[in-house]
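I am opening a notebook on a structure that is new to me. The entries below keep to what I looked up, one topic at a time.

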Amino acid sequence: MSYQRFLSLVEALRQTPGFPVMDAVEERMLNAMAAVWHDGKRITVMEAMHMFASISPSTVHRRLKTLRAKGLIELESDLVDSRVKYVQATRQTEDFFGRMGRCMLEAQH
């Protein structure tokens, strides 16, 4: 029942003003990139475009643009080669995962 409670809490959270609206692909991408960031690694745009076997690189690229427009990622140029861009989390991304984590904790009680 904890999982059902978690789903209910997340659904309620998604209804709150200011909570980022993402489609399933965007959320899947953000979750996968968060796992890489958690390991202390950086992700280039090109690496992100090839991280998802079931999503075409062009779709990933479009979704990176929408995540950026929503303030959930930012791109940072490489210091040596300005053609290389790194995908990075933003404060809004950290807030999103923090809120989701609090839902998990609350669901366990």
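These are my notes, going from the overall layout to single side chains.

**Entry 1: the layout**

I note at the outset that this is a predicted model. I counted the elements of the protein chain and found five helices and three strands, and, reading from the N terminus on, I wrote down their order as α-α-β-α-α-β-β-α. For the extent of the chain I looked up the C-alpha trace, which spans about 50 × 25 × 25 Å along its principal axes. I also looked up how much of the chain is buried, and the share is 35% of the 109 residues.

**Entry 2: the sheet**

In what order do the strands of the open sheet lie? I found three strands in the order β1-β3-β2, with antiparallel pairing. The edge strands are β1 (43–44) and β2 (73–77), each of which pairs on one side only.

I then went through the bridges, and noted that two of them join β1 to β3, while five join β2 to β3, the strand of residues 85–89. Y86 in β3 caught my attention, since T44 has Y86 as a bridge partner, and the bridge partner of E76 is also Y86. A further position I noted is L75, which stands opposite V87 in β3. As a general point, I keep in mind that in a regular strand the side chains alternate between the two faces of the sheet.

**Entry 3: around Y86**

I stayed with Y86 and looked up what its side chain meets. R42 lies over the face of Y86, at 3.7 Å from the ring centre, and the side chain of D78 makes a polar contact of 2.9 Å with the side chain of Y86.

D78 itself is placed in the loop between β2 and β3. Which side chain of opposite charge is nearest to D78, and how far away is it? It is R42, at 5.2 Å, and D78 is buried yet has no salt bridge. I checked this against the cut-off, which asks for a side-chain nitrogen within 4 Å of a carboxyl oxygen, so the 5.2 Å to R42 does not qualify.

**Entry 4: the aromatic rings**

The count of aromatic pairs came to three. One of them is F19 with F96, a tilted pair at 5.6 Å centre to centre, with 45° between the planes. Why does this pair tie together parts that are 77 residues apart in sequence? It does so because F19 lies in the loop between α1 (2–14) and α2 (24–38), whereas F96 lies in helix α5 (residues 91–107).

Both F19 and F96 are buried. F96 also forms an aromatic pair with F97, and this one is edge-to-face, at 5.0 Å centre to centre with 70° between the planes. I looked up the accessibility of these two neighbours, and F96 counts as buried because its relative accessibility is 2%, while F97, at 26%, counts as partly exposed. Taken together, ring pairs link F19, F96 and F97 into a cluster.

**Entry 5: the salt bridges**

As a general reminder to myself, side chains of opposite charge can pair when their charged atoms come close. How many salt bridges are there? The count came to eight, and I followed up some of them.

The side chains of E106 and R5 meet in a salt bridge of 3.5 Å, N to O. E106 lies in helix α5 and R5 in helix α1, so this pair ties together parts that are 101 residues apart in sequence. E106 is partly exposed at 42% relative accessibility, and R5 is partly exposed at 37%.

Within helix α5 I looked at R91 and E94, which are three residues apart, about one turn of the helix. Their closest N and O atoms are 3.2 Å apart in a salt bridge. R91 is exposed, with a relative accessible area of 67%, whereas E94 is partly exposed at 45%.

The side chains of R83 and D81 also meet in a salt bridge, at 3.0 Å, N to O. Here R83 is exposed, with a relative accessible area of 72%, and D81 is partly exposed at 24%.

**Entry 6: along helix α5**

My last look was at D95, which has its place in helix α5 and is partly exposed, with a relative accessible area of 37%. I looked up its separation from E106, and the two are 11 residues apart in sequence and 16 Å apart in space, C-alpha to C-alpha.

Terms used
Residues are numbered from 1 along each chain as its sequence is written. This is a predicted model: local features need pLDDT of at least 70, side-chain atom pairs count only at pLDDT 80 or more; totals for chains, interfaces and linings use all residues. Side-chain values use heavy atoms; hydrogens and water are left out. Rings of Phe, Tyr and Trp (its six-membered ring) pair if their centres lie within 6.5 Å; planes under 30 degrees apart count as stacked, over 60 as edge-to-face and the rest as tilted. Helices (H or I, at least four residues) and strands (E, at least two) are DSSP runs, numbered from the N terminus. Buried means under 20% relative accessible area, exposed over 50%, partly exposed in between (1.4 Å probe, protein chains only). A charge sits over a ring if NZ of Lys or CZ of Arg is within 6 Å of the ring centre and within 35 degrees of the ring normal. Two strands pair if DSSP finds at least two bridges between them. Lys and Arg count as positive and Asp and Glu as negative; His and the chain ends are not counted. A polar contact is a pair of N or O atoms within 3.5 Å; within protein, one must be able to donate a hydrogen and the other to accept it, and residues adjacent in sequence count only if both atoms are side-chain atoms.
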